[in-house]
Amino acid sequence: MPLTNGTCFKPAVFTLTGIPGLESVQHWIGIPFFISFVLATTGNAFLITIIHRERSLHEPMYIFLAVLAAVDLGLTVCITPKMMAVFWLQAKKIHFDACLVQMYFTHTFQCMESGILLAMAFDRYVAICDPLRHSAILTKKVLIIIIALVTTRASVIIIMCPLLIKLRLTHFRTTVISHSYCEHMAVVKLATEDVRINKAYGLFVAFSVLGFDVIFIFLSYVLIFQAVFKLPQKEARFKAFNTCTAHIFVFLQFYILTFFTSFIHRFGFNVAPHVHILLSNLYLLVPPLLNPIVYGVKTKQIREGVIKMFTSKS
């Protein structure tokens, strides 16, 4: 509802611009995004199906991989359909509560992906540094607990982001969000009130979740590399490294994009808006696209599962 001072009080609807400055070519930009959406949903659904069907893949590493694929699937479905509607159908309106729901699930899936990457690093650490006790440590019960903790941590810590907006912020200078989806800081910056608590909580989430996970993943691989270099045989060292390469690649591309886009959003005032929004979109859509490809190519058991599934159908 517009007020005399030009602000809006508790707006019912927001407007997503898409990519600021590139509105005239968004229908072309949407083509590669749609292709990546189709490939990401197909690839991750396929990966989940293979791991579910093949009993030989019912091991901790592949169970975590299936959960990662499910998270990537959820993240892609959460963002891309509305983005395509903005790009192709000019359906830019989004209800305030729907915007907060999209924000919650987007950041929750991001947080869950970080937690699963940490769990996968722990699995590789146990498998390489203490292989004889791997099955005794990562039992079915422990796997369920780890997945439950990752899900609970993400759900609880992220819920305050939309709640703080809903409960604290009532006056907005505009209802136009210069983004292609409802991102936390993109919405917070529209408010005319004191948003220091909202910004501080966003930083707390970033450093307590991503910072914590990065530190422990890094420590896990330091210990893994120490153990690998102590192996007497060259073939054993190569095999140990080979089991980690896919995870290291996924870890690097996820966190490099995460920190790069996060710092640009908060401190990169000289970066063109369309560059920032494009990077934000790539940051959320590239990992779900690459993860099934990377693990499918690098993991022998998954390749064998694909071949077995197609040959059995034939």
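A residue is called buried at under 20% relative accessible area, exposed at over 50%, and partly exposed in between (1.4 Å probe, protein chains only). This is a predicted model, in which local features need pLDDT of at least 70 and side-chain atom pairs count only at pLDDT 80 or more, while totals for chains, interfaces and linings use all residues. Residues are numbered from 1 along each chain as its sequence is written, and side-chain values use heavy atoms, with hydrogens and water left out.

Select Phe34 to begin. Its relative accessibility is 35%, so Phe34 counts as partly exposed. Add Trp88, which is also partly exposed, at 37%.

Next, select Phe14, Leu65 and Ile177. These residues have the most contacts inside the largest nonpolar core, which has 83 residues. Such a core is a set of buried Ala, Val, Leu, Ile, Met, Phe, Trp, Tyr and Cys residues joined through side-chain atoms within 4.5 Å. Helix 3 (residues 96–129) gives the largest share of this core, 15 residues. Helices (H or I, at least four residues) and strands (E, at least two) are DSSP runs, numbered from the N terminus.

Keep Phe14 and add Phe172; both are buried. Rings of Phe, Tyr and Trp (its six-membered ring) pair if their centres lie within 6.5 Å; planes under 30 degrees apart count as stacked, over 60 as edge-to-face and the rest as tilted. There are 11 aromatic pairs by this rule. With centres 5.6 Å apart and planes at 80°, the rings of Phe14 and Phe172 are edge-to-face. Phe14 is in strand 2 (residues 13–16) and Phe172 in strand 4 (residues 171–172), 158 residues apart.

Finally, add Phe96: Phe14, Phe96 and Phe172 form one aromatic cluster.
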